Amino acid sequence: MKKPDFDLVVFGATSFVGQILAGYLNDQFGVARNLRWAAAGRSKQKLEALRKSLGPGAASLSLIEADAGDAASLEALCARTRVVISTVGPYALYGEPMVKACADSGTDYCDLTGEVQWIRRMIRRYEEAARKSGARLVHCCGFDSIPSDMGVFFLQREAMRRFGQPCTRVKMRVRAMRGGFSGGTAASLVNVIKEAAADPALRKELANPYSLCPPGYRSAARQPNVKSPEHDPDFDAWIAPFVMGAINTRIVQRSNALLEQAYGKDFVYDEAVLVGRGTKGRLSAAGMTAALAAFMIAGALPPARWALERFVLPAPGEGPSPEAQRKGFFDIRFVGRTAKGQSLRAKVTGDRDPGYGSTAKMLGQAGACLAQDVAKDDKPGGFWTPSTIFGERLIERLQADAGLTFEILGD
Ligand SMILES: NC(=O)c1ccc[n+]([C@@H]2O[C@H](COP(=O)([O-])OP(=O)(O)OC[C@H]3O[C@@H](n4cnc5c(N)ncnc54)[C@H](OP(=O)(O)O)[C@@H]3O)[C@@H](O)[C@H]2O)c1
């Protein structure tokens, strides 16, 4: 078989996050030092401007024109690479043709979607094709859901080492984070709320904590869902709902399902934001909960949604400034408990703002890991989660080159 021209192609390289990713890949790997990569998108002009912005060292970066609306262009792109990273979103609107092209052609794929309903649809439609062709597809390779999914994997590995058994109850709590939204993320979020508002069956599907687990998957465990301010005794602090919990919890449950319930058949997992102690903490948690509810309601009502999109949220292509990206960070904590009551705590941190500066590095390393570390014999075609396909190797990469830390804190 002819060797493909590239190890990796970034489809959507001119998106807000795609441009940051291109800069990161260029810094890490040059254009072809030890990873041959290319930038793809629908606009030749924008691609050329991107290449110029990367400086003279990137003058030989290959550019590929491809449009999500033109299946032949996607097939031609897939024929030239081993891995595709896609940042073309909202994925529920523009993402499916590339998933199909990869699943059909055996090309490995990863992306940044956090759209549960779309992921479920892709698994149902293309799992069989991917198994046949050998394509490995990995959604959610950004802030949602790498820190959560890899953090739980990391905690469980240590629990097995120390206690010989997994933590059947794990909580993830966001201790601190600073970052912003891009137009693409805002558009994806608003699109999910809009679809859910119009479709009761979808609302039911989104409420199911096991919605991304393989068909027929069963667990008797009732999953908690932090919807209102609560006091969390494990952290002696008030907690509020975490907006990304809706996707992260589904990915972590899918990991447990794909690992044949290695975290326990009654594994219970939830996520929330740590707000603070005492009355001040309680009031802040109530304020955060109300703000999130107001956003959901505004997104569901057409006139309010219009005003939100027009006046409040960033437009497609916009996002946090380079300074805001540099100053951003995240710090998330895990506490786990085994069935016997032994407990373990872990911490995952990242430099740069979670959704962009840090996400671009996580996504770049996920793509490189797919291209360089994970043999097809070892991990066959199909839809994977980050922890089930990348495991330990991604933690090493993230700590070495993407500004993340993974640390066990004790019990
Ligand atoms: N999981 C996470 O942590 C995380 C973090 C950040 C972003 N995201 C997700 O990543 C996605 C990108 O975000 P963003 O802010 O970078 O979005 P954005 O700037 O709005 O970019 C969207 C991209 O899609 C491209 N596109 C649209 N229609 C296309 C078509 N028919 N063919 C080819 N390309 C097409 C656009 O091309 P042009 O450049 O030519 O306009 C643009 O590059 C969003 O879905 C967002 O939700 C997730």
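1. Which residue has a polar side-chain atom 3.0 Å from an oxygen atom of the ligand? The residue is D144. The model in question is a predicted one, and the distances below are to be read as computed from that model.

2. Two further polar contacts to the ligand can be listed beside the one from D144. In T14, a side-chain N or O atom is 2.6 Å from a ligand oxygen atom. V17 makes its contact through the backbone instead: one of its backbone N or O atoms lies 2.8 Å from an oxygen atom of the ligand.

3. The ligand's surroundings comprise 29 residues. T14 and V17 are among the closest, along with A68, S182 and S188.

4. On the second largest pocket: its space comes to about 290 Å³. Three helices each give two or more residues to the lining of this pocket, namely α1 (16-29), α13 (322-327) and α14 (354-372). The largest share is that of α1, with five residues.

5. The lining of the second largest pocket includes F16, I20, Y24, D27 and Q28, as well as P320, P322, Q325 and R326. R352, G357 and K361 also line the pocket. By residue class, the lining holds five nonpolar, three polar and four charged residues.

6. On enclosed space: the model has one cavity of 30 Å³ or more. The volume of the largest cavity is about 60 Å³. Two or more of its lining residues come from each of α6 (116-133), α10 (245-258) and β13 (382-384).

7. Which residues line the largest cavity? They are I119, I123, L137, H139, L212, I251, R254, F383, W384 and T385. Seven of the lining residues are nonpolar, two are polar and one is charged.

8. On strand pairing: β2 (residues 37-41) and β3 (residues 62-65) run parallel and are joined by four bridges. Within this pair, S62 of β3 stands opposite A38. Between the two strands the chain passes through helix α2 (residues 44-53), giving a β-α-β crossover that is right-handed.

9. For a check against the coordinates, three sites can be taken in turn. At the ligand, the side chain of T14, the backbone of V17 and the side chain of D144 each place a polar atom by a ligand oxygen. At the second largest pocket, α1 gives the largest share of the lining. At the largest cavity, the lining includes F383 and W384.

Methods. Residues numbered from 1 in each chain as written. Predicted model: local features only at pLDDT ≥ 70, side-chain atom pairs only at ≥ 80, totals over all residues. Heavy atoms only, no water. 1 Å grid on protein atoms, 1.4 Å probe; cavity = no way out; pocket = protein on both sides within 12 Å on 5 of 7 lines; lining within 4 Å. Points joined across faces, edges and corners; volume = space filled by probe spheres on them. Nonpolar A, V, L, I, M, F, W, Y, C, P; charged D, E, K, R; others polar. Pairing = 2+ DSSP bridges. Right-handed = clockwise from strand over helix to strand, strands pointing away. Near = heavy atom within 4 Å. Polar contact = N/O pair within 3.5 Å; in protein donor to acceptor, adjacent residues only side chain to side chain.
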